[in-house]
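Work through the following exercises with the sequence and the model side by side, and try each task before reading its solution.

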Amino acid sequence: EPVLYVIATPIGNLNDLSPRAIKVLGSVDLIAAEDTRHTGRLLAQFSIKAPMISVHEHNETQRTELILHKLAEGQSVALVSDAGTPLISDPGYPLVRAVRAAGFKVSPIPGCCAFVAALSVSGLPSDRFMFCGFLPSKASARERILQEWVGFTATLIFYESTHRILDSLASMLKVFGPEREAVVARELTKTFETIRGGCLQDLLTWMQADPNQQKGEFVVLIQGAPSTEVEQLVDEHSLKILQRLAQELP
Ligand code: SAM
């Protein structure tokens, strides 16, 4: 049976590529990669040879047609991105949607995901969280989006790059206030892995003081707003029922 495998790759440490991922990458008829040169280097490390095509933002519709065609011919295809799990702030969503709609099997080969790794060591509440991906580069747009999350009681998770980490932290401080607890997870699984928690003011001051801490890839996690008293006593579902009942009262 032809399958589209969605395969997670390492986020820094090559040893995180799973044995199953290696096996499947070596067995498919075609690898659809976000960047064929980048994935080519990964495959070379594991002596995997397979035909590759690129699938990125700008050619995904076209490539979807081609991949549907391959699957119809009975060939299996692997989707990988440059790092971590495809579709998580990475290409693949239109492809997976179309392949499922066409009735083909889509199967995950799970592995690294930067925000899951960061959340698992953050010490912030992990029972409820919102993954928000990358924030806009313009301060006004960024702060407008952050504003929407100010009263949200679950942990908030953002991706950030070297270029914008300081600006983003500054926006977060401005919108959430200096006292809000947060965690910055930098360069996970790599040599300079750093996980630092504190209030937004302390984190920004610390990072401003050390240019080395501004380099690399980041996950920023912000503790949710404290829940109101009623929310602490009853769960979300019960709260909805209570609110509904309250409407019925004279
Ligand atoms: N698909 C990936 C995943 O599963 O996490 C994310 C891809 S996204 C284009 C890249 C962003 O993920 C980076 O800018 C950074 O925010 C985060 N990221 C990736 N690798 C990371 C790492 N080793 N440490 C911290 N953050 C990382």
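For the exercises below, Ala, Val, Leu, Ile, Met, Phe, Trp, Tyr, Cys and Pro count as nonpolar, Asp, Glu, Lys and Arg as charged, and the others, Gly among them, as polar. The model is predicted, and local features need pLDDT of at least 70, side-chain atom pairs count only at pLDDT 80 or more, while totals for chains, interfaces and linings use all residues. Residues are numbered from 1 along each chain as its sequence is written.

**Exercise 1. The ligand shell**

Task: determine how the residues of the shell around the ligand divide into nonpolar, polar and charged, and which elements each supply at least two of them.

Solution. Begin with the count: 24 residues surround the ligand, the closest being Gly-84, Ala-114, Tyr-159, Leu-188 and Glu-217, where a residue is near a molecule or strand if its C-beta atom, placed from the backbone, lies within 6 Å of it. Next, sort the shell by class, which gives 11 nonpolar, 7 polar and 6 charged residues. Finally, assign the elements: helix 5 (114-122), strand 7 (155-161), strand 8 (181-186) and strand 10 (217-222) each supply at least two residues of this shell. Helices (H or I, at least four residues) and strands (E, at least two) are DSSP runs, numbered from the N terminus.

**Exercise 2. The parallel sheet**

Task: establish the strand order of the open sheet with parallel pairing, and find which strands stand at the edges.

Solution. Two strands pair if DSSP finds at least two bridges between them, and the 5 strands of this open sheet then have the order 3-2-4-1-5. Strand 3 (52-54) and strand 5 (105-109) stand at the edges, each with a single partner strand, so one side of each has no neighbour in the sheet. The twist averages 25° from one strand to the next; angles run from 0 to 180 degrees between N-to-C directions, and axes are lines fitted to C-alpha atoms, for helices over the stretch in contact. Strand 1 (residues 3-7) pairs with strand 5 in the parallel sense over 5 bridges, and the bridge partner of Tyr-5 in strand 5 is Ser-107.

**Exercise 3. The mixed sheet**

Task: describe the open sheet with mixed pairing and the helix that packs on it, touching strand 6, strand 7, strand 8, strand 9 and strand 10.

Solution. The order of the 5 strands is 6-7-10-8-9, and the edge strands, strand 6 (129-134) and strand 9 (194-199), each pair on one side only. Neighbouring strands are turned by 20° against each other on average, direction ignored. Strand 7 and strand 10 pair in the antiparallel sense over 6 bridges, with Glu-217 in strand 10 as the bridge partner of Ser-161. The helix sought is helix 5, whose direction makes about 50° with that of strand 10.

**Exercise 4. Positive phi**

Task: decide whether Leu-87 is buried, exposed or partly exposed, and locate it.

Solution. Most residues other than glycine have a negative phi, yet phi of Leu-87 is near 75°. Leu-87 lies in the loop between strand 4 and helix 4. A residue is buried if 20 or more other C-beta atoms lie within 10 Å of its own, exposed if 12 or fewer, and partly exposed in between, with C-beta atoms placed from the backbone. Because Leu-87 has 17 C-beta neighbours inside 10 Å, Leu-87 counts as partly exposed.

How values were computed. Contact = placed C-beta atoms within 7 Å.
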